[in-house]
Amino acid sequence: MQKRQAIYDLYWQTSAERQRIFFNKLRGDNPLTADPIFKQYKFCNVYRACDRVSQYLIKHVIYGSRLEGEELLFNIFLFRLLNKNETWEILEQELGINLLKNFDFEHYSHVLENIHTQQPIYGNAFILCANKSFGFDKKHQNHLALLKNVSFDTKISQELLASKSLKQLFERLRQLPLIGDFMAYQLAIDLNYSPLFNFDENDFTIAGPGARRGIEKCFWDSDGKSSEYIIKYMVENQDREFQRLGLNFQNLFGRPMKAIDCQGWFCETDKYTRVSNPDLKSNRVRIKTTYKPGSPPIDYFFPPKWRLKHTLI
């Protein structure tokens, strides 16, 4: 593989700086960073599990509900389709925690339609497929029909729960209507946060569109290697590269970057270089979201099975 060395190094330099910002926020330190691009624009965390929506999913939807089996799978699936904490809070107020047990298509559709009159139903992190696979004009109705199909009509949920690997879970999700490669991978990672599965996140990965753009900027010639091969290369070489560059990368309480995190940071590298290296052309030329300080602090919680030592010391 032929690296575009300056951008390849920037991948590691920016991940170390973004992680430093994460810990500065936790400690309440100011300023968070001297980097003008990180000061001006919003970037995801290096670790996917640290982002606000993922934290809500892990802490509230998964480990705060005490649901199990198909009921927990249903909630995780629906939450990630919506991808918006505020929508979920209203759903729980209106429908209760056990959304599978209480499921009624018409009623759920009506509740979501009422929410839509007040605020957007969906978060904007993922662009979800919006075709009419189930014959409805509205996206939320097709998504509800998908969940009904998974949990009631075909009982695909039982097959999903019987998955023996992260790849098999992805493949079964990918077979569903409205679920593309990237969404199937995100859902598989979400489900794997829960007690339902305990797969190694490094066993399987899929590069999303943003990650592929970042890879193309870091490597001017992949020598025929797949994007997934390159992501795993980054996972395996992270310690060596941080050491080579003299970077003090503070990992997540003892947890190194996993494939989902290295995949995600390629996407953030693509974003960063739209400003730092505008000569590197792609189909995205600007960063849409600016950084706005003042968001409520997050009381971080991670899957207990990770056995992280959650401390700032």
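**Close-up views of a predicted model**

**View 1. The buried side of helix α5.** In helix α5 (residues 85-95), the buried residues are N85, T87, W88, L91, E92 and L95. These residues lie on the same side of α5, because the arc they cover around the axis is only 155 degrees. The model shown here and in the other views is predicted. An α-helix has 3.6 residues a turn, so residues three or four places apart point the same way. The packing partners of the buried residues of α5 are α3 (52-62), α4 (69-82) and α6 (105-116). Q93 and E94 are exposed and sit on the face of α5 turned away from its buried side. After α5 comes G96, which has a positive phi, near 90 degrees.

**View 2. Packing of helix α6 on helix α7.** Two packed helices are described by the angle between their axes and the distance between the axes. For α6 and helix α7 (residues 139-153), the axes cross at roughly 145 degrees and come within 10 Å. The crossing of α6 and α7 is right-handed. On the α6 side the contact involves F105, Y108, S109, L112 and E113; on the α7 side it involves H140, Q141, L144 and A145. Sorted by class, the residues in this contact of α6 with α7 are 5 nonpolar, 3 polar and 1 charged. α6 also appears in View 1, where it is one of the helices that the buried residues of α5 pack against.

**View 3. Y122 in the loop between α6 and α7.** The loop between α6 and α7 contains Y122. Is Y122 buried or exposed? With a relative accessibility of 16%, Y122 counts as buried. Along the chain, Y122 and G224 are 102 residues apart, and their C-alpha atoms are separated by 37 Å.

**View 4. Packing of helix α11 on helix α13.** Helix α11 (residues 209-218) packs with helix α13 (residues 259-276) at an angle of about 65 degrees, and their axes are 7 Å apart. With angles of 65 to 115 degrees counting as roughly perpendicular, α11 and α13 are therefore roughly perpendicular to each other. These two helices, α11 and α13, make a left-handed crossing. From α11 the contact takes in G210, A211, R213, G214, I215, K217 and C218. From α13 it takes in Q263, F266, C267, T269, D270, T273 and R274. The classes represented in the contact of α11 with α13 are nonpolar with 5 residues, polar with 5 and charged with 4.

**View 5. Surroundings of S227 in helix α12.** S227 belongs to helix α12 (residues 227-244). Its relative accessible area is 18%, so S227 is buried. Apart from neighbours within four places in sequence, the residues in contact with S227 are A207, R212 and I215. I215 of α11 is also one of the residues in the contact with α13.

**View 6. S222 and D223 in the loop between β2 and α12.** S222 is placed in the loop between β2 and α12. A relative accessibility of 26% makes S222 partly exposed. Where does S222 stand relative to Q2? The two residues, S222 and Q2, are 220 residues apart in sequence, whereas their C-alpha atoms are 6.2 Å apart in space. S222 touches M1 and I230 when residues up to four places away in sequence are not counted. D223 lies in the loop between β2 (219-221) and α12. The phi of D223 is positive, about 55 degrees, although D223 is not a glycine. D223 is partly exposed, at a relative accessible area of 38%.

**View 7. F253 in the loop between α12 and α13.** F253 is located in the loop between α12 and α13. What is the phi of F253? The phi of F253 is positive, near 50 degrees, in a residue other than glycine. F253 counts as buried, at 9% relative accessibility.

**View 8. The cis peptide bond between N30 and P31.** Most residues other than glycine have a negative phi, and most peptide bonds are trans. The peptide bond from N30 to P31 is cis, and its omega is near -5 degrees. P31 is part of the loop between α1 (5-27) and α2 (36-40).

Definitions and conventions:
Residues numbered from 1 in each chain as written. Predicted model: local features only at pLDDT ≥ 70, side-chain atom pairs only at ≥ 80, totals over all residues. Heavy atoms only, no water. Buried < 20%, exposed > 50% of the residue type's maximum accessible area, 1.4 Å probe, protein only. Helix = DSSP H or I, 4+ residues; strand = E, 2+ residues; numbered from the N terminus. Arc of directions from axis to C-beta. Contact = heavy atoms within 4.5 Å. Axes fitted to C-alpha atoms, helices over the stretch in contact; angles between N-to-C directions. Parallel < 35°, antiparallel > 145°, perpendicular 65-115°, else oblique. Left-handed = near helix turned anticlockwise from the far one by under 90°. Nonpolar A, V, L, I, M, F, W, Y, C, P; charged D, E, K, R; others polar.
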